[in-house]
Amino acid sequence: MPLTVVVSRDWQEIRQAHAEHAQRLWGLAVTVSVLMLLATWALFRSMVRRQHLLEGLTLADQKQQALIAQLESEKQRALELAASDPLTGLHNRRMFYELVSSHLALARRSRKHYALLYLDLDHFKQINDTLGHHAGDALLQAVADRLRSMLRGSDIIARMGGDEFAVLVTAMDDMQDMDGLAQELVSGLSAPYDGIADQVVHTSTSMGIAFFPRDGHDVQVLCRHADTAMYASKKSGRNRFTYYDRVNNADNERRYRLLRQLPQAIADEQLVLHFQPKVRLEDCAIVGMEALVRWQHPEYGLIYPGDFIAMAEEHGHIQALGDWVMQACCRQIAAWRMQGMDVVPLAFNVSPLQLKDCAFPTRIATCLQHYGVRASDIEVEVTESCLVEPDGLSARVLYQLQNMGVHIALDDFGTGFSSLSQIRALPIGTIKLDKSFVNALRSSHEAGVLVTSIITLAHNLKMQVVAEGVELMDQLVYLKTAGCDVVQGYFLSRPVPAQQAEVLLRQGVLEPA
Ligand SMILES: Nc1nc2c(ncn2[C@@H]2O[C@H](COP(=O)(O)OP(=O)(O)OP(=O)(O)O)[C@@H](O)[C@H]2O)c(=O)[nH]1
């Protein structure tokens with residue numbers, strides 16, 4: 001700003017000169033002040049806006065965290081339910097297998113002994129029949145409590161289903177130690193149970209014991225041997241225990257004879273198929289049938305697959321047996337069609353070993369052609385164990401089957417380790433919900449929630465849901481409400497021979513009684 005010097009005697013003149021200058025200064029000061037005020041106000045507004053934005057972001061973040069936590073806890077709940085038995089709170093079969101497997105992996109390096117116990121209540125069905133299912137349930141809970149109290153925290157206890165329990169007694173110094181504990185368990189479990197349906201209930205338990213490593217090296221073999229020993233206890237009078245190595249050799253003898261006779265039995269057509277209808281819940285129409293193989297043995301009578309499929313798998317007969325089943329199905333479809341009947345798809349079970357055979361799809365195609373049957377007339381049911389390697393040979397075989405037009409269903413869903421997202425990558429059109437879930441519907445609200453969410457998820461993934469093992473009206477009603485598509489189980493029909501299946505097919509519908 002220029003410096004002005006006024007020399008004058010006239011006061012007015014001097015004032016005049018200063019007034020202009022002061023006015024300019026004043027104007028400048030006002031402008032600067034207004035600008036500063038405006039800048040402060042703008043800064044303040046932007047800070048307030050930032051604060052709002054920050055609060056909004058924090059809130060959104062909190063909401064997202066809450067949602068993630070909720071999802072995590074839902075997942076945890078589902079996992080817990082899938083790992084434990086809802087009625088007793090013990091581990092379920094799946095978890096037992098997992099825990100025992102990891103225990104045995106460590107046990108291999110120790111010098112300790114492990115005993116696998118299989119327990120089955122004696123005449124439990126009578127308790128259900130006379131006192132009702134609620135009393136039966138209460139007794140199962142009381143048995144679970146007694147097992148917990150009699151065993152150590154380190155032992156693994158599970159309810160394997162129905163009235164069957166299993167225990168892994170861990171790290172014993174000596175196999176002889178088992179005698180005392182086994183006796184204690186058998187007598188402890190046979191002591192009267194107070195307050196079951198306001199009564200005192202008496203029951204007893206038959207038990208079988210297999211030792212690791214003496215009687216088997218993995219959980220499957222140990223369970224099978226302990227189960228065999230448990231049956232030996234039942235046969236020799238119940239309310240007792242039997243060690244696997246002391247099982248009456250008659251059982252082993254029978255197994256050995258069946259094993260030797262199986263190849264000839266397949267060739268001699270001693271196998272027969274029974275058929276269990278699958279019923280659509282929407283209109284009770286029979287929309288499919290599962291073919292189940294039985295062995296009509298000349299000496300032992302009708303033998304169920306549980307007695308010979310594992311044996312066929314272990315001893316290299318599964319391909320011949322599987323081929324027989326596939327051919328018998330196609331033959332049956334052709335025969336029914338010849339009689340002018342409307343045929344529904346016939347499903348048959350395929351073992352994991354068959355799916356590892358890259359010639360399997362070609363054999364199916366030849367068989368279909370031979371009997372003049374369409375690929376859509378059959379369905380293959382595979383188990384989750386077939387799917388452990390999603391891009392392995394089994395997956396390729398499944399894709400080949402799908403390309404041929406064969407429908408693929410996943411059997412016993414929920415008992416293995418596959419998740420819906422894992423199986424989504426495979427050509428699975430239907431999941432068959434395992435009967436343990438259907439069974440748990442009666443005793444657990446959580447099971448209901450889980451079943452409903454599996455059905456919804458499966459539908460979102462465009463899969464059909466078949467519920468297996470439906471034995472009661474209330475299970476059927478629940479499944480229908482939950483949106484399940486198809487059911488199968490004793491409540492509608494047991495597996496029946498071809499002639500009875502034919503009657504059902506002609507009927508076309510199967511209304512609940
Ligand atoms: N209350 C109740 N009963 C069940 C449950 N699950 C299966 N069951 C019943 O348990 C019974 C099991 O009977 P079994 O073990 O086959 O026969 P059992 O009468 O015990 O005869 P033995 O084993 O030969 O001594 C069947 O009647 C099933 O319906 C359940 O969760 N609760």
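**Exercise 1. Work out which residues and elements surround the ligand, and what kinds of residue they are.**

Start with the count: 16 residues surround the ligand, where a residue qualifies if its C-beta atom, placed from the backbone, lies within 6 Å. The closest are Asp-122, Phe-124, Lys-125, Gly-136 and Gly-162. Bear in mind that this is a predicted model: local features need pLDDT of at least 70 and side-chain atom pairs count only at pLDDT 80 or more, while totals for chains, interfaces and linings use all residues. Residues are numbered from 1 along each chain as its sequence is written.

Next, map the shell onto elements (DSSP runs numbered from the N terminus: helices are H or I with at least four residues, strands E with at least two). Strand E1 (113-121), helix H3 (124-131) and helix H4 (133-150) each give two or more residues. H4 supplies the largest share, four residues.

Finally, sort by type: four are nonpolar (Ala, Val, Leu, Ile, Met, Phe, Trp, Tyr, Cys, Pro), six charged (Asp, Glu, Lys, Arg) and six polar (the others, Gly among them).

**Exercise 2. Describe the hairpin of E2 and E3.**

Take the pairing to begin with (strands pair if DSSP finds at least two bridges between them). Strand E2 (residues 156-161) and strand E3 (residues 164-172) run antiparallel, joined by five bridges. Ala-158 has Ala-166 as its bridge partner in E3.

Now look at the turn: two residues sit between the strands, and Gly-162 takes a positive phi near 50 degrees. That glycine is also among the closest residues to the ligand.

Then check burial (20 or more other C-beta atoms within 10 Å of a residue's own, with C-beta atoms placed from the backbone): five of the six residues in E2 are buried.

**Exercise 3. Find the largest nonpolar core and trace the strands around Val-487.**

A nonpolar core is a set of buried Ala, Val, Leu, Ile, Met, Phe, Trp, Tyr and Cys residues joined through C-beta atoms within 7 Å. The largest has 73 residues, and those with the most contacts inside it include Leu-433, Ala-467 and Val-487. Helix H9 (residues 318-338) gives the most to this core, eight residues.

Move on to the strands. E14 (residues 430-433) runs parallel to E15 (residues 464-467) over four bridges, with Leu-433 opposite Ala-467. E15 also pairs in the parallel sense with E16 (residues 486-487), over two bridges, and Val-466 stands opposite Val-486.

Methods:
A residue is buried if 20 or more other C-beta atoms lie within 10 Å of its own, exposed if 12 or fewer, and partly exposed in between; C-beta atoms are placed from the backbone.
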